[in-house]
Every structure is written in structure tokens, then in C-alpha cells.
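Please open the structure in a viewer and keep the sequence panel visible. The tour proceeds by selections, each followed by a description of what is found there.

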Amino acid sequence: MPEDLRNRVDRQPTVAGLSEADLLARIFPRLRMEDSHTINTVLGPGDDAAIVAAPDGKTVISIDTQVEDQDFRLLWPNGYRTTGFDVGWKAAAQNLSDINAMGARATSMVVSLTLPVDTPVSWVEDLADGLTAGIRELGATQCSVAGGDLGRGREISVTVAVLGTLDGGRPVLRSGAQPGDILALAGTVGHAAAGLALLESDVAVDTLAPAERVFVDLQSRPRPPLDAGPAARAAGATAMLDISDGLLRDGGRLAAASNAGVALDPAALARLAGLLAPAAELLGADAEAWVLGGGEDHGLLATFPAGVQLPPGFTAIGSIHALGTDEGPGVLTARRPGDTGGWDHFAH
Ligand SMILES: Nc1ncnc2c1ncn2[C@@H]1O[C@H](COP(=O)(O)OP(=O)(O)O)[C@@H](O)[C@H]1O
Ligand SMILES: Cc1ncc(C[n+]2csc(CCOP(=O)(O)OP(=O)(O)O)c2C)c(N)n1
Ligand SMILES: [Mg+2]
């Protein structure tokens with residue numbers, strides 16, 4: 001990575017030469033949250049380890065990493081520069097989403113940063129701001145950053161681990177879908193993929209209309225529906241997962257875990273694709289391929305017994321059926337373009 005890309009404003013102070021303690025002193029104040037957020041944090045950042053309450057004696061735990069040029073680019077082909085705030089927000093969002101997808105709510109996070117020496121200090125401060133803003137604005141009202149780690153490397157890498165609680169309830173697994181269940185979606189799908197396509201295009205970001213720009217913003221700062229996971233659990237959801245790798249791929253995971261068939265409603269797909277029209281028209285792209293193959297919105301895919309009133313935020317997009325004699329678990333769609341397999345880190 002050329003130096004001027006990371007250190008984008010001339011001669012900005014970089015992390016080079018700062019001691020770990022100096023850098024932590026710049027980060028810690030930005031991780032502070034209101035008391036309601038730290039209610040589960042018995043001991044926060046500053047010691048060898050943090051201590052976090054497990055209100056019902058069980059801890060839900062997940063981890064996710066973003067790596068420069070794999071999960072974001074500092075400078076995209078369309079001219080957009082990914083801010084530290086974006087990366088911090090996305091780290092919060094994708095981790096909170098995994099807790100949401102269990103029907104749980106987050107209690108705390110730890111964050112590990114690997115930074116090249118030419119990273120501006122302000123970029124790192126911005127990342128801490130994005131992380132806390134994401135937690136706050138997405139509504140993780142009892143979650144705060146309890147600690148982390150700092151290290152040096154060739155490219156930026158941000159790993160967040162998140163802890164959560166089910167408040168004594170049962171988790172909603174991928175494996176519980178039953179024939180006859182309704183398949184429902186909360187949040188968006190395909191919007192982050194539209195944003196990725198815009199970022200990777202040569203249509204300058206400054207020329208985008210607001211209706212197009214929203215997709216770039218959603219790719220940069222996803223908005224998982226955090227109330228929807230616990231609400232789905234309370235409503236009796238039989239299976240659930242978050243869509244990070246695409247509706248077909250993640251729907252296929254739900255089908256495989258439940259040993260059932262998932263059928264997507266063509267009218268629902270057309271409606272979801274219609275929401276992407278501004279970006280699809282601009283790029284001459286296939287909106288339905290984004291709906292079927294796009295990850296990173298972190299919407300929830302859940303199944304509910306027929307007759308259950310769907311909780312707020314969910315809409316029906318299909319159904320679950322028993323497997324036919326020659327049918328393997330998978331997702332049926334009326335139309336299945338070849339390039340909608342979804343995201344796979346190693347196959348790409
Ligand atoms: N390196 C690893 N070691 C152990 N388990 C892993 C590893 N990577 C992924 N997993 C587990 O495999 C499952 C699928 O991972 P992943 O695709 O990252 O899930 P998600 O899309 O929900 O984040 C998860 O249960 C995760 O904990
Ligand atoms: C530079 C760049 N290339 C490609 C992508 C698209 N992309 C990266 S990871 C990913 C899938 C989701 O990430 P992952 O870490 O697999 O999340 P998880 O499934 O573990 O929740 C997608 C669609 C991107 N965001 N940035
Ligand atoms: Mg993962």
C-alpha cells in the first residue's frame with residue numbers, strides 16, 4: 001500500500017513512533033459509554049483481561065474479522081475513501097448481527113487492531129468512534145467495548161469478538177425449520193451488494209444521486225435490525241440466521257441444517273429487487289442477482305410456524321417444505337442466475 005493512500009492528508013501524524021500506551025490513551029476515551037451500556041461490564045479496558053457479567057449464567061459468543069482489500073478498500077475505484085469510522089461501525093454491526101441472529105442481545109465486545117505503521121492516528125481514533133457509534137445507534141443498549149489488543153502488520157486488520165445473553169431464553173438455531181413454516185426477512189438484502197458494485201465501478205462517488213448513494217452508505221455502515229432477533233425468538237421463530245453471504249447461500253445453510261427445502265416467493269424477490277432499481281439502472285446490473293447473492297446487509301432470515309403473527313420488521317418471502325424423494329436440502333427460486341452463489345472468502 002503506497003504511503004500516501006493511508007496517510008491521506010499531508011503529513012498527518014501516524015502511529016509510527018507512538019508507544020502502545022500513547023495510542024491506547026488516544027483510544028480509551030473514545031470507547032467510553034453511558035452507564036446503561038456498561039451495565040454488564042464488571043471490569044473494562046486497562047487490565048490484563050476484562051470481566052463481563054453473564055446475567056443468566058450462559059454466554060453467547062462470536063467473532064468476525066475485516067481485512068484491508070478483502071473486506072474494504074481504503075480507496076475504491078469510484079473514489080470513495082473508507083474512513084476509520086466506517087470500519088469501526090461495520091465491525092460493530094457484523095458482530096452484533098451474529099448475536100441478533102441467535103435471538104440474543106450483546107453484552108460486550110473486545111477488539112483487536114493490526115495496523116501498518118503509516119496509519120494516521122486520526123484514522124484509528126475514528127475507528128474507535130465508529131465502533132461506539134455503531135453500538136449506540138444500532139441500539140445495543142447494554143453493550144460496550146471491554147478491551148482489546150494492538151499490533152503491527154502489513155495491512156489493516158480489525159477483529160471483534162462479541163459476547164451476548166439470551167436472558168434465560170432458548171437460542172434460535174439454524175436447524176429448527178419445519179415443513180409448512182413461513183420464511184421471513186427482517187432488514188434489507190442486496191443493498192450492500194449494490195453498494196459494493198457502485199464502489200467497484202468507475203461512476204464517481206461524488207456524482208451519485210442520494211437514491212444511489214444510500215447503497216454505498218449501507219455497504220460502508222450496515223444497519224442490522226437488532227430488535228428483530230429477540231423479537232423473533234419471543235414470537236416462536238423455529239430457525240434463524242443472519243444474511244452475511246447472500247440469500248441463496250445463507251438460505252441453503254438454513255435448509256441444510258433443518259434438512260428441509262426453502263422456496264422463495266418470486267413476487268417477494270421481485271419486490272426486493274425493485275428497491276435496488278436506482279443502482280441497477282445506473283450500472284446496467286441485475287438487481288435480482290444482488291438480492292439472491294449479495295451479503296453484508298446483515299438482515300435476518302427466520303422461519304415461523306404458519307399462523308404466527310410475524311413480529312414487527314419481518315415480511316414473508318417464502319416457505320419451508322418437506323424434501324421430495326429426489327430432492328436435497330436447498331433453495332428453490334423461479335429463476336437462478338449463474339452468478340448468485342453468494343460470498344465465499346476462498347472461492348473468490
Ligand atoms: N477458524 C475457525 N475455527 C473454529 N470454528 C470456526 C472457524 N471459522 C469459522 N468457524 C465456525 O464455523 C461457523 C461458520 O462460520 P462463519 O461462516 O464465519 O459464520 P457466520 O457467517 O455466521 O459469521 C461458525 O459457527 C463459526 O464459529
Ligand atoms: C474489497 C472487498 N471485496 C469484497 C467484499 C465483499 N465481501 C467481503 S466479506 C463478504 C461476506 C461477509 O463477510 P464474512 O466475514 O464472511 O462474514 P460472516 O459470514 O463471517 O458473518 C462479502 C460479501 C468487500 N466488502 N470488500
Ligand atoms: Mg464469520
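Leaving aside its neighbours within four places in sequence, with which residues is Asp-64 in contact? The model is a predicted one, and this question serves as the starting point of the tour.

**First selection: Asp-64 and its contacts.** Select Asp-64 together with Gln-94, Asn-95, Asp-98 and Val-160; these four are the residues in contact with Asp-64 once neighbours within four places in sequence are set aside. Asp-64 belongs to strand 3, which covers residues 60–67. It counts as partly exposed, because 18 C-beta neighbours lie inside 10 Å.

**Second selection: Asp-149.** An unreviewed UniProt entry places the feature "binding site" at Asp-64 and Asp-149. Select Asp-149 next, in strand 5 (residues 144–152). With 11 C-beta neighbours inside 10 Å, Asp-149 counts as exposed.

**Third selection: the sheet.** Display strands 3, 6, 4 and 5, which form an open sheet of four strands in the order 3-6-4-5, with mixed pairing. Strand 3 and strand 5 are at the edges and have a single partner strand each, so one side of each lacks a neighbour in the sheet. From one strand to the next, the twist averages 15°. Now turn to strand 4 (residues 105–115) and strand 6 (residues 157–165), which run antiparallel and are joined by nine bridges. Within this pair, Ser-108 stands opposite Leu-163 of strand 6. Add helix 3, which packs on the sheet and touches strand 3, strand 4 and strand 6. The direction of helix 3 makes about 145° with that of strand 3.

**Fourth selection: the two domains.** Colour residues 3–165 as domain 1 and residues 182–332 as domain 2. Their C-alpha centres lie 26 Å apart. The contact between them takes 23 residues from domain 1 and 29 residues from domain 2. On the side of domain 1 that touches domain 2, helix 3 (residues 84–100) gives the most, with nine residues. By class, that side of domain 1 has 11 nonpolar, eight polar and four charged residues.

**Final selection: helix 5.** Select residues 191–199, which make up helix 5. Are the residues of this helix buried or exposed? Nine of the nine are buried, so helix 5 is largely enclosed by the rest of the structure. Among them are His-191, Gly-195 and Leu-199. To see what surrounds them, add helix 6 (210–220), helix 10 (277–283) and helix 11 (287–293), against which the buried residues of helix 5 pack.

Terms used:
Residues numbered from 1 in each chain as written. Chains lettered and ligands numbered in written order. Predicted model: local features only at pLDDT ≥ 70, side-chain atom pairs only at ≥ 80, totals over all residues. Buried ≥ 20, exposed ≤ 12 C-beta atoms within 10 Å, placed from the backbone. Helix = DSSP H or I, 4+ residues; strand = E, 2+ residues; numbered from the N terminus. Contact = placed C-beta atoms within 7 Å. UniProt positions renumbered as here; feature names shortened; annotations may be inferred. Domains from an automatic or database assignment. Nonpolar A, V, L, I, M, F, W, Y, C, P; charged D, E, K, R; others polar. Pairing = 2+ DSSP bridges. Axes fitted to C-alpha atoms, helices over the stretch in contact; angles between N-to-C directions.
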